[in-house]
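Hi everyone, thanks for coming. I'd like to walk you through a structure that may be new to you, so please have a look at it while I talk.

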Amino acid sequence: MSVRNGEPYLANAIDSVLGQTEGRFRFLIVNDGSTDNSAAMLDRFARQDRRIRIYHRENQGLVASLNFLLEQADTPLIARMDADDISLPERFARQMAFLDVNPDISVLGTNNHELDEQGRFRVNRHCYPETHDDICTALLSCNPISHPTTMMRRDAMLAMNGYRAQFRHCEDYDLWLRLSQHYRLANLPDRLLLYRRSPGQVTERHNFASSLGSAYALLAARERLAGRPDPFAGMTALPPIDALDGLTGQPGMGQAMRTEIIDRVKYSRSALADPALKLMVEHLHSGGEPLDLWRTAGRMVKLGLAGQATRLALALLRHAHPPSLRAGPV
């Protein structure tokens, strides 16, 4: 578990791990530069339970924290959880039992129910695909494994060199894509975690960055499957979209990437507020098809983003009537 200012929900999250019916584990927690009371809370829990090991560090981000914990772990199985979620008591026992009889599975997720900011329970009827083949199919369009529910084999994680820093906010999706090409993945049908949803959580605040990174991760997976090098291997940050044609040696890759990312973010209010708008305007200015961006402009108005809607509408009008086609002065 990596903790960054997790005070509101941290105690319940830790208690849910300590309350597992399968109690044979070490609980490794990084305090990733918290500025609230998280550090003191973690130290207090560590004094009360010898299974807990705390690492206090300056803020380095989730990817660095997870890779650090991966190095510190010395057990064959590693379970993940976020500092605002709750693991149900049978989670570890059921996942370990499944992995014991399925040694070919290297990553095992579960389904979940949800909690809101106030801790109110929400039934979640969504079901993740269970088999490796179904997960691989789903990976082509979405993330079919809930990261905080996973139990993973450490040797497989190390073979993949853990999480990649350039895929910040979608580091799990990139990891599943890479693992799926060498190992088998699965999900249990059981709902063994309560997943916290709140307006301020990372997945909401960084929707655009996550969507952009996910599109890049899928591109990398396609390149590897085609027998070509991973265009982002060794990078510490993802390159601009305009560089993709040169990196892949495929003309039109950048424009195709813009189209894919726009399709991913066009329903997200946080993304439409600015970063996605810029991408849409660039797409139109570079001669891309208008797609259904008039509808997106209308959606912006409904979301209270009138200024952004106006900018997109103007870009659409310029695209429909470029200067070379406008009538000259009478």
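**A quick tour of the model**

Okay, so the protein chain's secondary structure comes to 15 helices and nine strands. The radius of gyration is 22 Å, close to the 20 Å that the globule rule gives for 330 residues, so the chain is as compact as a globular protein of that length. If you lay the C-alpha trace along its principal axes, the spans are about 85 × 45 × 40 Å.

Keep in mind that this is a predicted model. How confident is the predictor? The mean pLDDT of the protein chain is 93, with 95% of its residues at 70 or more. There's a stretch to be careful with, though: over residues 325–330 the pLDDT is below 50, and beyond near neighbours in sequence that stretch has two contacts in the model. Where pLDDT is low, the predicted coordinates shouldn't be read in detail.

Two more numbers for the chain as a whole. Of its 330 residues, 49% count as buried. And if you take contacts between residues at least 6 apart in sequence, 72% of them join residues at least 24 apart.

Now let's go to a pair of helices. How do α13 and α15 pack? Helix α13 covers residues 275–285 and helix α15 covers residues 306–320, and they pack at an angle of about 10° with their axes 9 Å apart. Angles under 35 degrees count as roughly parallel, and α13 and α15 are therefore roughly parallel to each other.

Who makes that contact? On the α13 side you've got Leu277, Met280, Val281, Leu284 and His285, and on the α15 side Gln308, Arg311, Leu312, Ala315, Leu316, Arg318 and His319. Sort the residues of this contact by type and you get seven nonpolar, three polar and two charged.

Staying in this region, have a look at Met300, which sits in helix α14, residues 293–302. Buried or exposed? Met300 counts as buried, because its relative accessibility is 0%. Leaving out residues up to four places away in sequence, Met300 touches Leu272, Leu277, Met280, Leu305, Ala306, Gln308, Ala309 and Leu312. Some names there should ring a bell: Leu277 and Met280 of α13, along with Gln308 and Leu312 of α15, are also part of the α13–α15 contact. For a sense of distance, the C-alpha atoms of Met300 and Leu244 are separated by 29 Å, and the two residues are 56 apart along the chain.

Next, over to Ser65, in helix α3, residues 62–72. Ser65 has 0% relative accessibility, so this residue counts as buried. What does Ser65 touch, not counting residues up to four places away in sequence? Those neighbours are Ser2, Val30, Asp32 and Arg57.

Last stop, two asparagines in loops. Asn5 is in the loop between β1 (2–3) and α1 (7–18). Phi of Asn5 is near 55°, a positive value in a residue other than glycine. With 30% relative accessibility, Asn5 counts as partly exposed.

The other asparagine is Asn161, in the loop between α6 (154–159) and α7 (171–180). Phi is positive for Asn161 too, near 60°, and again this is a residue other than glycine. Asn161 counts as exposed, because its relative accessibility is 66%.

That's the tour, thanks for listening!

How values were computed:
Residues are numbered from 1 along each chain as its sequence is written. This is a predicted model: local features need pLDDT of at least 70, side-chain atom pairs count only at pLDDT 80 or more; totals for chains, interfaces and linings use all residues. Side-chain values use heavy atoms; hydrogens and water are left out. pLDDT is the predictor's confidence in each residue, from 0 to 100. Contact means heavy atoms within 4.5 Å. Axes are lines fitted to C-alpha atoms, for helices over the stretch in contact, and angles run from 0 to 180 degrees between N-to-C directions. Helices (H or I, at least four residues) and strands (E, at least two) are DSSP runs, numbered from the N terminus. Angles under 35 degrees count as roughly parallel, over 145 as roughly antiparallel, 65 to 115 as roughly perpendicular and the rest as oblique. Ala, Val, Leu, Ile, Met, Phe, Trp, Tyr, Cys and Pro count as nonpolar, Asp, Glu, Lys and Arg as charged, and the others, Gly among them, as polar. The radius of gyration is taken over C-alpha atoms; the globule rule is 2.2 Å times the number of residues to the power 0.38. Buried means under 20% relative accessible area, exposed over 50%, partly exposed in between (1.4 Å probe, protein chains only).
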